[in-house]
Amino acid sequence: RSCMDTRPAATELLRSWMSVTVALTKTDRDELFRLAVCTQQSDCFIAFNSSMVSDVFQNAVNPETAKIAATFRNDTTVPTLSEFVYFNLSAGTMELLFSETVRVSSLNLRELTLQYLPDADPNSVTLTGGSTNSTDGTRIVVQLTKADLDRVKLTAVLCTASTLCRVRVTSSFVLDMAGNAIQALATGVTAKDFANDVASPVMTGFDVDMNTGVFVLSFDEPVLASSLRANTLTAVSGPSTTAVSLKIDRSVT
């Protein structure tokens, strides 16, 4: 080539193309899903300034403020449950991590089951409801109902350790932002982290039947009946009167 030839060498030409493929990071793709950007061709544009790329002669590209996609292929990938992040037995909460952004409004907690065996489990608990304050994203924190949390505790073994706490979902559990149903799980996914129940039970009230001499004590969570020490109970006629010891000598039910 002459000294005035500004064209690139052959090896450089091989690295120059009429089109360039840009692979989004998972984080960026999930954010596009969350923001509902590029859900179809008519809402999929890109913008860029002149520093984005240059031609082989180092001329900067013409900037664009809204260039619509020439073709569009919608998301058809089935989302999956990537990780059972944690289960907190005290608070009755759990966190789930998904392979991509999911739509919280499609969440159906009745399609989630907690179990301690990998497969079929006679002591499993399928949720009857629950709630979440999470927004569309790859992570969802679920709050169990009190009734479901009590059912978990009453099994005496389910979710008493991370290795005994697994979650299984059906394909009706949640959808991704494109409406694809989550992949159903035949085998439970084990909790990565676990927090045991460390909250002390609180007696919420009691009922008395003086015909039968029965006191029925109610608590805010399941208690172990065999741990009851009846001789520690005291009945009093008022907050400031002399206490009278109450001894229970019948079986506890």
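Reader: Hi! Let's start with Thr93: which strand is Thr93 found in?

Author: Happy to help! Thr93 sits in strand β4. Keep in mind that this is a predicted model.

Reader: Thanks. Is Thr93 buried or exposed?

Author: Thr93 counts as buried, because its relative accessibility is 12% and the cut-off for buried is under 20%.

Reader: And what is Thr93 in contact with, leaving aside neighbours within four places in sequence?

Author: There are two stretches to look at. Thr93 is in contact with Tyr86, Phe87 and Asn88, and also with Val141, Val142 and Gln143.

Reader: Nice. Now the largest nonpolar core: how many residues are in it, and which touch the most other members?

Author: That core has 31 residues. Those that touch the most other members are Phe84, Phe87, Met94, Phe98, Leu112, Leu114 and Phe173.

Reader: Which elements each supply at least two residues of this core?

Author: On the strand side they are β3 (81-88), β4 (93-103), β5 (112-115), β7 (137-143), β8 (166-169) and β10 (189-195). Helix α3 (146-154) also supplies at least two.

Reader: Which of them gives the most?

Author: Strand β4 does, with 4 residues. Thr93, where we began, is found in that strand too.

Reader: Why would side chains like these gather inside at all?

Author: As a general point, nonpolar side chains in soluble globular proteins tend to be buried together.

Reader: Let me pick one core member, then. What does Leu114 contact, beyond its neighbours within four places in sequence?

Author: Quite a list! Leu114 is in contact with Phe84, Phe87 and Met94, then with Ser124, Val125 and Leu127. Further along the sequence, Leu114 also contacts Leu144, Val152, Leu158, Cys159, Arg166 and Val167.

Reader: You mentioned a cysteine there. How many disulfides are there?

Author: The count comes to 2 disulfides. Cys159, the one in contact with Leu114, forms a disulfide with Cys165, and their sulfur atoms are 2.1 Å apart.

Reader: Which cysteines form the other one?

Author: Cys38 and Cys44 do, with their sulfur atoms 2.1 Å apart. Numbered in sequence order, the bonded cysteines pair as 1-2, 3-4.

Reader: What about handedness for these links?

Author: The Cys38 and Cys44 link is right-handed, with 80° about the S-S bond. The disulfide of Cys159 and Cys165 has a torsion of about 70° there, so this disulfide is right-handed as well.

Reader: Are those cysteines buried or exposed?

Author: Cys159 and Cys165 are both buried. In the other pair, Cys44 counts as buried at 12% relative accessibility, while Cys38 counts as partly exposed at 22%.

Reader: Switching to aromatics: how many aromatic pairs does the structure hold?

Author: It holds 2 aromatic pairs. One of them is Phe206 with Phe215, which is stacked, at 5.8 Å centre to centre and 10° between the planes.

Reader: How much of those two rings' residues is accessible?

Author: Phe206 has a relative accessible area of 46%, so it is partly exposed. Phe215 is partly exposed too, at 32%.

Reader: Last one, the big picture. How many helices and strands are there?

Author: The protein has 3 helices and 14 strands. Of its 253 residues, 26% are buried. The protein exposes about 16,500 Å², and carbon and sulfur atoms supply 55% of that area. As for contacts with a separation of 6 or more, residues 24 or more positions apart account for 57% of them.

Conventions: Residues numbered from 1 in each chain as written. Heavy atoms only, no water. Core = buried A, V, L, I, M, F, W, Y, C linked by side-chain atoms within 4.5 Å. Buried < 20%, exposed > 50% of the residue type's maximum accessible area, 1.4 Å probe, protein only. Contact = heavy atoms within 4.5 Å. Disulfide = S-S within 2.5 Å. Areas by Shrake-Rupley, 256 points an atom, 1.4 Å probe, with all protein chains shown as cover. Phe/Tyr/Trp six-rings, centres within 6.5 Å; stacked < 30°, edge-to-face > 60°.
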